[in-house]
Amino acid sequence: MKLLDLLFERSSRKVANVTSRRKALARFGSWLAVGTAAPLLLPIDRVSRAHAAEDTGKPGDPGDPNSCDYWRYCSIDGFLCSCCGGSVTACPPGAEVSQVTWIGTCRNPADGKDYIISYNDCCGKHSCSQCACTRNDSEEPLYRPFNNNDVNWCLGAKSKSYNCTIAIIRGVAL
Ligand code: ABN
């Protein structure tokens with residue numbers, strides 16, 4: 001009887017050992033799978049990283065193009081294309097850049113020089129409505145239309161619908 005007990009005890013211990021190891025292995029495996037897959041599957045905010053890359057971080061061109069405070073926007077009136085799927089110098093995909101533009105002169109805080117900036121409207125898509133920015137340095141009232149930037153420059157483009165505005169450096173103001 002004792003021998004039977006012993007044999008039974010040993011075999012059940014073996015089964016218990018194997019079972020728990022399997023469980024442990026299975027758990028470890030699932031942790032491993034979740035641990036390695038999670039960074040790939042979790043909703044990572046890649047947009048903000050793209051924007052961060054746009055935060056020029058350049059000593060000669062400081063500031064964040066997604067912010068209305070960015071130095072090139074000193075005379076802008078519109079939605080910032082860098083918030084709308086484009087960048088400070090490029091329209092969002094599918095939008096066409098206006099050839100007629102508003103021109104401003106902004107001081108770059110990095111070198112203290114004044115730069116001529118053209119504010120081209122991007123046209124052919126509905127209004128982006130993100131990052132509205134109205135700075136208007138050197139703008140004059142609407143009754144002086146040539147010195148007023150509250151104008152839809154897409155009126156000179158193929159499509160009249162305004163999407164957003166970019167800010168391109170055209171040269172140094174002497
Ligand atoms: N230039 C930007 C803009 C577009 C439409 C209306 C006003 C201003």
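This report describes a predicted model of a protein chain with a bound ligand, going from the overall fold to the ligand site and then to single residues.

## Overall fold

The chain contains 2 helices and 6 strands. Their order along the sequence is α-α-β-β-β-β-β-β. Among contacts with a separation of 6 or more, 69% are between residues 24 or more positions apart.

Of the 174 residues in the chain, 31% are buried. The exposed area of the chain is about 11300 Å², and carbon and sulfur atoms supply 61% of that area.

## Nonpolar core

In soluble globular proteins, nonpolar side chains tend to be buried together. In this model the largest nonpolar core has 30 residues, and the members that touch the most others are Tyr 73, Ile 117, Tyr 119, Cys 122 and Cys 164. At least two residues of this core come from each of strand 3 (102-107), strand 4 (114-123) and strand 6 (162-172).

Ile 117 illustrates how these parts of the chain meet. Apart from neighbours within four places in sequence, Ile 117 is in contact with Trp 102, Ile 103, Gly 104 and Cys 106, with Ala 167, Ile 168 and Ile 169, and with Trp 71 and Arg 72.

## Ligand site

Seven residues need to be named here: the ligand is surrounded by Asp 77, Asp 121, Asp 150, Val 151, Asn 152, Trp 153 and Tyr 162. Taken alone, the ligand exposes 250 Å², of which the protein buries 79%. By residue class, the shell divides into 3 charged, 3 nonpolar and 1 polar.

Two short distances involve nitrogen on the ligand. One is 2.8 Å, from a nitrogen atom of the ligand to an N or O atom in the side chain of Asp 121. The other is 2.7 Å, from a nitrogen atom of the ligand to a polar backbone atom of Val 151.

## Polar residues in strand 4

Ser 118 lies in strand 4, as does Asn 120. With a relative accessibility of 2%, under the 20% cut-off, Ser 118 counts as buried. Asn 120 has a relative accessible area of 4% and is therefore buried by that cut-off. The side chains of Ser 118 and Asn 120 are joined by a polar contact of 2.7 Å.

Asn 120 has a further polar partner: its side chain reaches the backbone oxygen of Ser 98 at 2.9 Å. Asn 120 and Thr 101 are 19 residues apart in sequence, while their C-alpha atoms are 5.0 Å apart in space. Not counting residues up to four places away in sequence, Asn 120 touches Val 97, Ser 98, Thr 101, Cys 164, Thr 165, Ile 166, Ile 168 and Arg 170. On the same basis of leaving aside neighbours within four places, the contacts of Ser 118 include Thr 101, Trp 102 and Ile 103, and also Ile 166, Ala 167, Ile 168 and Arg 170.

## Asp 61 and its partners

Asp 61 is placed in the loop between helix 2 (46-54) and strand 1 (77-79). Is this loop residue buried or exposed? Its relative accessibility is 8%, which is under 20%, so Asp 61 counts as buried.

The side chain of Asp 61 has a polar contact of 2.9 Å with the side chain of Trp 71. Another polar contact, also 2.9 Å, joins the side chains of Asp 61 and Arg 72. Trp 71 and Arg 72 are both among the residues in contact with Ile 117.

## Positive phi in the loop after strand 4

Most residues other than glycine have a negative phi. Ser 129 has a positive phi, near 65°, and sits in the loop between strand 4 and strand 5 (132-134). Cys 131 is found in the loop between strand 4 and strand 5 and has a positive phi near 50°.

How are these two loop residues classed by exposure? Ser 129, at 47% relative accessibility, counts as partly exposed because the value falls between 20% and 50%. Cys 131 is at 29% relative accessibility, so Cys 131 counts as partly exposed by those limits.

How values were computed. Residues numbered from 1 in each chain as written. Predicted model: local features only at pLDDT ≥ 70, side-chain atom pairs only at ≥ 80, totals over all residues. Heavy atoms only, no water. Helix = DSSP H or I, 4+ residues; strand = E, 2+ residues; numbered from the N terminus. Buried < 20%, exposed > 50% of the residue type's maximum accessible area, 1.4 Å probe, protein only. Polar contact = N/O pair within 3.5 Å; in protein donor to acceptor, adjacent residues only side chain to side chain. Near = heavy atom within 4 Å. Areas by Shrake-Rupley, 256 points an atom, 1.4 Å probe, with all protein chains shown as cover. Nonpolar A, V, L, I, M, F, W, Y, C, P; charged D, E, K, R; others polar. Contact = heavy atoms within 4.5 Å. Core = buried A, V, L, I, M, F, W, Y, C linked by side-chain atoms within 4.5 Å.
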